[in-house]
Structures are given as C-alpha cells and as structure tokens.
Amino acid sequence: MHKIEDFLAASLRDRSLQVLLICVAISVVLMTKYQSGPWLSSPRASIDRTIGQLTGRMGWFARLVWLAEEYRTLYSQIADRTVELERLEELRRENERLRRELGFSPKSEWEFLHAEVVGKETGRLGTVILVNQGSLAGVGTGWIAYSPQGLVGKVEAVGDEFSRVQLITNYNSPVGVRIERNEIEAVVEWNPYLPNRLVMRFIQPEIDVKAGDVVISSGLGGVYPAGLRIGRVSKVTLEKGRWEPYVEVKPFVDFSRLVEILLIAPERVKVEMREGGLFNPAVD
Amino acid sequence: MKRDTLSDVLFDIIYLVLAFLLQGSIIGYLAIGPVRPDLILGSVAYIALRRGPFHATIAGFLVGLFQDLSFGGGLGLNSFCKSVIAFAAGRTSSGLYKERYWTQIVVLTSSVLVHDLIYFAILYPGNIRGLALGILRISIGSAVYTALACSGYDYLMQRIFSRRETVVRETPVVPPEQQVL
C-alpha cells in the first residue's frame, strides 16, 4: 500500500507527467465537445491564409520539377486533343441544332476557374487540399474540383483567397457512380485502410463488374454532374460471409501529385441535371 | 530564461514550423503509394530525444493542435496522439544511448508505429481488422520512411543553423562501446 502511495506521490511531483495529463485532458475535451462548429471557421480561415501563402511559395520548387515533366507529356498530347476538339466542336453544334429542333433548351456551358494547389493536409490520411482561389474569385462551398485526369472532390470551406477542397478519398465525400461498360450504378467512397483508393458500395452480388472497368460519375445525389471520370476498378473479391463483393477503385487522379485543378460552379451543374431530367433534391 | 534555453526553444520552434511547411508542400510529392514520411511527427520525436519528455510533450501538443486546426476534420486527435508520443519517446529513450544514429532510427520508427496505433484506434474504434490493415498498409512503410527522411532533415537543420545538439538525460547512460561485459 505504501509503495502505491509513494508511486502516486512521485508521479504527482513529475513535471512532465503533469504536463502530459493537462495536454491529454485538453485534447479529450476538444475531441468530445468541440469537434467542429461555426466558431472554428474564423481561426481556420486565418491559418489557411498563412499556410497557403507560405506553402504555396515552398511548393514551387517541387512543382517546377513536376511541371517540366508534365510539360513534355502534355505538349505531345495537345496535338491529338486539338484534332479531337475540332471534331467535338462540330458534334456540339450538331447536338445544339438537334436539341433546338426537338424543342429542348441548349445545354449550359461550364465555366472553369483555374486554381493552384498550395497546401496539402499534413495528417496521416491526406484527404484535404488547399487551393489559391476563394470567395473573392466567386468560389463558394460545394463547388466541384476537377482535373484533366478526373474528378478531384468538392469545396468544403472558403476563405477570401483560399479554399479547402475535400478529395473524393475523404470520409465525407461519397460519389454516385456508373460503370461505363454496362451502366450499372453504385456509390464509391473512401477506403479507410488504403489511402488513394475507393470502395464501391451498394452493389448486387451477381453484378457484372471486372477489374479494369472504367467508373464515371452518375449524377445521382445532386452533388457531382454525370459523366466525370473517376477511376478504374482495380480489385474485385467475394469474401466469405459477405453478400456484397469487395470492389476497389483506383482513382485516375494521383492526389499526392496534384498541382493544379479546375473549379466548377455547382449552379451550372444543377441546371444541367434538371435539364437532363435527373433528380436533384437541392433544386427539385 | 537562460540564453541557451531560449536559443534551444527558438531552434525547436523553427524546426517544427519548417517541418510543418515542408509536410504541407513538398513531402506530398515524395509519397510512394500510400506511404509518405511524417516530418512533423519525426521532428517531435527528435525533440523528445534531445530535450526530454517535458519540452517534447508541450511541443507535440502545440504542433498537433495546429495540425488539427489547419486541416483536421475535428479537433484534438493529433494533439492527443502527438503529446502521448512525445512523452513516451522522451521517457522511454532516457535510458538509451541516444547519440547513436541507430538508436534514433529505432526510436523514430517505433514512435510512428505507436502513434498510428493510437491514431487508427481512435479513428476506427472497435475495428481490429481496420486497425491491423491500416498499420500493415500504411504505418510500417511510413515509419521506416519517416525515420530516414527525418534523420536527413535533422542533419540539414543542424548544418544550416550551425548547431551541435546535445542530449538532455534524466539518467546517466554509458555508451555501448565503453560498457564492460
């Protein structure tokens, strides 16, 4: 008994243990009581601005190396794309003409806002990025982030000059999807055990899905427009005791090497979805 | 505050701030699949090795809180994990010969593994399979990568600031070369 008392007395005199207990107590209170709230948005916006300005400059060194490599790749792709674009432009005009003849209104044009990635989440999972466009440029919460490789995510919080983008690999970003080959619909969401991978949910056991299938957004749910490239099925397994197969999707976007993104206003997307006859709870 | 202590504290602040900025900008490009070094956690472990548990716990808590405020979904997770790790690394390494490179690597690697164990246990409560998968797929590689990257970062910082960091110990330790069997 005396030994325990001595041990407790010695522990209470231990300065570092006292500090640890205080830190742990504060952290636990923060974790349980103050997970999030409106009071957090102001200090977070100030921190985002400071970090965005500093990391944006530091990131330039790394980006220069990647940009040189990307420049070589993209330069060769531009020629192909230019020819394809001309063909698509002709198809677009034809599509508009046919829609008018059928009495449909012409499809709305998307306006892209270009943004640079200036910061990345420093935590273990890395599913939030900071970009250098904010409310001053007209960006608002819910804007869609896209890159030429595919869907990136959506804007979660906006400051004056910077915005936080929640990647589709974030726990809070499920996406309604469709398998391009056979139009089967499902939902993809974050894979908590493997960063930069998604898991497909709400699929039937007898579903025809194979490794290599391309997955695109379905437009259901009212968050993302239909037809955006998301990723490719990388693994399909049927585990014992589970009726739903495990389908893993590898996104087309390499989130660890994102340098620039395009932001799309959700209003445009909603208009297009309504015209396309898709259910959109935010509008309908 | 003594001049030496003030200089140490200033150096530690610069050390952590730079680690934070590098983690948010350049480190992402060094990722190998899901594995990437955690410079912030590595820096906290280095502070624990040098200054002991008292300073390291405060440093871990503050840098963790800043991490939570800057990108975290909720508050408290990183501050909790980092204070515990800083304390544990500072306390358990007090009996080790910390000047040795390999000792530092082992402390850094174990710090990341224990950090992730706590982190994933809080993130996926009650999910043993998820915890094991997270450790297997992410943590083991990240731990080794962090230990290697942080030793490079520490070496560079000491060269840039022309410092030769000494180790603060609570108990005297005989270097392994001088130990008589």
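## A strand pair in chain A

In this predicted model, A:W190 stands opposite A:L198, a residue of strand β8 of chain A. The pairing to look at here is the one between strand β7, residues 185-190 of chain A, and strand β8, residues 198-201 of chain A, which run in the antiparallel sense and are joined over four bridges.

## The barrel

Strands β7 and β8 also belong to a wider arrangement in chain A, where six strands close into a barrel with antiparallel pairing. Going around this barrel, the order is β6-β7-β8-β11-β10-β9, and neighbouring strands of the sheet are turned against each other by 45° on average, if direction is ignored.

## A buried leucine in strand β5

Another residue of chain A that can be followed in some detail is A:L167, which lies in strand β5, the stretch of residues 163-167. A:L167 counts as buried because it has 26 C-beta neighbours inside 10 Å, and the cut-off for a buried residue is 20 or more.

When the neighbours within four places in sequence are left aside, A:L167 is in contact with A:T127, A:V128 and A:I129, with A:V152 and A:G153, and also with A:S173 and A:F255. A:A137, by comparison, is 30 residues from A:L167 in sequence, and the two are 21 Å apart in space, taken from C-alpha to C-alpha.

## Where chain A touches chain B

The two chains meet through 39 residues of chain A, which are in contact with 41 residues of chain B. On the side of chain A that touches chain B, at least two residues each come from α2 (15-33), α3 (38-102) and β1 (112-120), and α3 of chain A gives the most, with 11 residues.

As for the chemical character of that side of chain A, its residues divide into 21 that are nonpolar, 12 that are polar and six that are charged.

## The make-up of chain B

Chain B has six helices and zero strands, so that, read from the N terminus on, its elements run α-α-α-α-α-α. Of the 181 residues of chain B, 50% count as buried.

The contacts within chain B can also be described by how far apart the partners lie along the sequence: among those with a separation of 6 or more, 67% are accounted for by residues 24 or more positions apart.

Conventions: Residues are numbered from 1 along each chain as its sequence is written. Chains are lettered from A and ligands numbered from 1 in the order in which they are written. This is a predicted model: local features need pLDDT of at least 70, side-chain atom pairs count only at pLDDT 80 or more; totals for chains, interfaces and linings use all residues. Two residues are in contact if their C-beta atoms, placed from the backbone, lie within 7 Å. Ala, Val, Leu, Ile, Met, Phe, Trp, Tyr, Cys and Pro count as nonpolar, Asp, Glu, Lys and Arg as charged, and the others, Gly among them, as polar. A residue is buried if 20 or more other C-beta atoms lie within 10 Å of its own, exposed if 12 or fewer, and partly exposed in between; C-beta atoms are placed from the backbone. Two strands pair if DSSP finds at least two bridges between them. Axes are lines fitted to C-alpha atoms, for helices over the stretch in contact, and angles run from 0 to 180 degrees between N-to-C directions.
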